[in-house]
Amino acid sequence: MSPDGTSGSNASARLTAQSFLDQHPEVATVDILLPDISGVVRGKRIGPDQLPGIFEEGAAFPASVFGTDVTGDSVEETGLVWELGDADYPCWPVPGSLVEVPWTARPSAQVLLTMTDPNGTPFFADPRVVLQRVFDRYKARGLTPVVALELEFYLIDRKREDHLPPIPAISPVTGARQATTQVYGLDELDDFEAVLADVANACLVQRIPAGAASAEYAPGQFEINLTHEPDPVRAADHAVMLKRAVKGVARAHGMNATFMAKPFSEDSGNGLHLHVSVLGPDGNNIFTDPKGGKLGSPALFHAIGGLAETMNDCMALFAPTANAYKRLRPANYVPMSACWGYNNRTCAFRVPAGSPAVTRIEHRVAGADANPYLATAAVLAGMLHGIETEATAPPAIDGNAYETEQPSVPKTWAAALECFERSEFVAEWLGPEFRRVFHAVKEGERRDFEAEVTPLEWRWYLTTI
């Protein structure tokens, strides 16, 4: 049974796929996509003749796909490998996600999947299911979170030795590499106009509601904003599809795109910023000041208080890799403490300038390497936790938070994972079994990473001590 409650023999689902193929007879292959816990898009490539059957009967993937680390290795401690006999579970197409893929050499298409257990229950370790569970708690209170995600990335040279750092891509227009920081620079957009235009076209073809690209705070760095969406699960779907589109278009142009949190030691990291407002049962923004002022409502302050209380519990979701902690540096547009302010980008939680009707919170903590489903789930859970418990927001920060606030985020991956593992908040809102599986995956990944001897260690220590 599919996650929307329909039977796997539902003929209308098959007709959806067949109708798409009839409209696009040129399609030669279809990628069926299942994003894992790390946000890595895994899947299979099938022939178009197989697609109707998948819509009708589902696609089989082992549950252990959600027990793999970022390298693709299965982590036995998750309990999703041998304990289950590495059994296949059914995965179902996400409605509305079957689209053309315009960047491939052969005409192709793709569709997102979500997993259930054999009884049709949404699978607890599927990140999409984790976010849906949080969304359901909003709906039970008559509330609608409206979410928009912003993603930063670098375009880098495709030719690189494994032991050498990346370098910015060569401009197809000038034949040169960008070497200066020109935030919001138009020349920088011109340099990569063909790439960005193809990304925009891919978004149009795949119905990804993306805004314009902007040059960011480093050579070769760009940001694309997604529009506000009253379904946070769909908003995260769009982010996953956008990342795949950016990477695919970049490859088609002979370069790579990276969403790595800190690919360059001296340049800005890549962030994932989430903008969230909440509509009440009457359809009005509950963060709007009821007196018509610009300061916001009590619900806004409670939501901020909830985010502040739960930020460290969720840092392992916002910063899920070893590299992510190299992004957490003062004076680098990355929050170091659970503080907030009006129109203040030095804070973790920013209330952007604008009319009272569009009052929202911008959550600025996560790196672009975070899983969009899990980062969104953590943010929404923290906000609703704050609203339900009437959490107290800390005083708003004026000026430079890096100078006035002491860093309070976990300083290491190990510390963040320890905080996550013992968090009752994570267990309550995201599920105790999910907490166990995510911790097992990332703790295993961390141990493997820290066991690796690096070229820097050879350079520093091999003959000096």
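This dialogue covers a helix pair and a strand in a predicted model.

Biologist: What should be known about the numbering and the model?

Modeller: Residues are numbered from 1 along each chain as its sequence is written. The model is predicted, local features need pLDDT of at least 70, side-chain atom pairs count only at pLDDT 80 or more, totals for chains, interfaces and linings use all residues, and side-chain values use heavy atoms, without hydrogens and water.

Biologist: How are two packed helices described?

Modeller: By the angle between their axes and the distance between the axes. Helix H3 (residues 127–140) and helix H10 (residues 372–389) have axes that come within 9 Å and cross at roughly 25°. Helices here are DSSP runs of H or I with at least four residues, strands are E runs of at least two, and both are numbered from the N terminus. The crossing angle makes H3 roughly parallel to H10 (angles under 35 degrees).

Biologist: Which residues of H3 make the contact?

Modeller: Pro127, Arg128, Val130, Leu131, Val134, Arg137 and Tyr138, where contact means heavy atoms within 4.5 Å.

Biologist: Where do side chains go in a regular strand?

Modeller: They alternate between the two faces of the sheet. In strand E1 (residues 29–35), Thr29, Asp31, Leu33 and Pro35 point one way and Val30, Ile32 and Leu34 the other.

Biologist: Is E1 buried or exposed?

Modeller: Seven of its seven residues are buried, so E1 is largely enclosed by the rest of the structure; buried means under 20% relative accessible area with a 1.4 Å probe, protein chains only.

Biologist: In which sense does E1 pair with E6, and in which with E2?

Modeller: Pairing requires at least two DSSP bridges between two strands. E1 and E6 (residues 108–115) are parallel over five bridges, whereas E1 and E2 (residues 41–46) are antiparallel over six.

Terms used. Axes fitted to C-alpha atoms, helices over the stretch in contact; angles between N-to-C directions. Parallel < 35°, antiparallel > 145°, perpendicular 65-115°, else oblique. Buried < 20%, exposed > 50% of the residue type's maximum accessible area, 1.4 Å probe, protein only.
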